[in-house]
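Trainee: Please take me through one part of this protein in detail, namely the strand pairing and the hairpin.

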Amino acid sequence: MSIGNTLVNWKGAFVRILGVAAKPIRDAQGQGGVVLEPYRGYGSQSEVFLIGRVFRQSRHNPEAGHDNLLGHLRDISRRIVRRSVPGVAVTARFYGAEETVATDRDGYFRVHLALREPPPPGSSWHTMDLILDGSHRTQAQAQIFIPPAGCDYVVISDIDDTVMRTGVASKIKMLWRLFIQDAESRVAFPGVAALYRALHGGPSGNQQNPMLYVSRAPWGIYNVLEEFFDLNGIPVGPILFLREWGISWKSPLPRKAEDHKRELIHNMLDLYKDLPFILIGDSGQHDPEIYRKIVEEHPGRVLAVYIRNVSRSTKRIEEIEALAKVVAQAGSSLLLAADSVAIAEHAAKIGLVSPEIIPDVRAERASDGEAGARRKTHRLKRSTPDKTMEAVSQGELKDLLETGPEGAPPSVVVEPEQNENSPGHQLRR
């Protein structure tokens, strides 16, 4: 490739990246000045939740254009000089219910609205009207997901190194992928889109099971993730971040959020108290620790825990063993998955999805460049939860995880034999 062509390609990539970074400014619900920006919300038949933000940004010149380098730079500069608007009133209206809340010091507002009557059937997504009161009166509409009566379970999935390769174990890679690469970059795990479509559809294919996504990222990349999900065909759902990072010159590091993710999942368990849950994460950070506490504190509520097995360090294996013991004791299933196909096969085996979707996940994995031979899934299964937990305590899980070549962790299922009291058996009935 000539130097000229290389420069053209780099320039094109640079313009695309700037376009993704500028998109939130173009899509903001407001023509300049004070903007009211809601994020996707969620709820049940009795209550709904929503987070949004109010901020100031410079007004757009409609004659300046958008789809070029200078237009993107203008829009990005408008985003950089955004200023939060604290202490203003936002009124939310949803099927006859109404609540007025105030923005916090960072301009964020949180709506928790008790419904007077159930929303009408026929759709999982509903529209909430928002009004910014005061001298800068602005209106916006937010989308709220409320699961239909026929759904079977709730899926809570991490995003970082679970849906997309962000390299959270490597801070430099994470920051590069979060803020430099655009949504079109090929960073989705192979097969994850087909797998998540299957989980959203359930065994029948049309159950619309809730898909809730959590991340350690700041709200600032919300729009990039939305576009990433759309480009990759991943079922949309509320994207829930743990906190605003609060980065500034005086405080250049993100605020800590050790317990926020666990608290968020607890809230979801309380909200959807009549539904069991599936937890999906990775072994590279704190997911095994968090999920262990969730299963321990909510016995019988978790059907399965799926962990992308991306780390073989001694400390991570110890945390995974601790998780496996708790999951086994609860009569649930734990899969340490080398790829999306292993998750699909196990989910089909315990009745979470139709077996017919497995070829779709395999085909997507192959099209994404992972067409090589798959290693078999090992099983650590005993007749009772206690015996399964004992096998883990004796080091059998650790031995399985340490098999195989370096850099290629195997897939391992840890579960007791299914019986009439197990979570999976309850679902299939």
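Mentor: What follows covers the setting, then the paired strands, then one acidic side chain. The model is predicted: local features need pLDDT of at least 70, side-chain atom pairs count only at pLDDT 80 or more, and totals for chains, interfaces and linings use all residues. Residues are numbered from 1 along each chain as its sequence is written, and side-chain values use heavy atoms, with hydrogens and water left out.

The protein has 13 helices and 17 strands (DSSP runs numbered from the N terminus: helices are H or I with at least four residues, strands E with at least two). Of its 429 residues, 52% are buried (under 20% relative accessible area with a 1.4 Å probe, protein chains only; exposed is over 50%, partly exposed in between).

Strand β8 (residues 125–132) pairs with strand β5 (residues 89–94), running antiparallel with four bridges; two strands pair if DSSP finds at least two bridges between them. In that pairing, Thr 91 sits opposite Ile 131 of β8. β8 also pairs with strand β9 (residues 138–145), again antiparallel, through eight bridges. Here Leu 132 faces Thr 138 of β9. Five residues separate β8 from β9 in a hairpin, and Gly 134 in the turn has a positive phi of about 100 degrees.

Elsewhere, strand β1 (residues 33–38) contains Glu 37. Glu 37 counts as buried because its relative accessibility is 8%. Its side chain makes a polar contact of 3.5 Å with that of Tyr 39 (N or O atoms within 3.5 Å; within protein, one must be able to donate a hydrogen and the other to accept it, and residues adjacent in sequence count only if both atoms are side-chain atoms).
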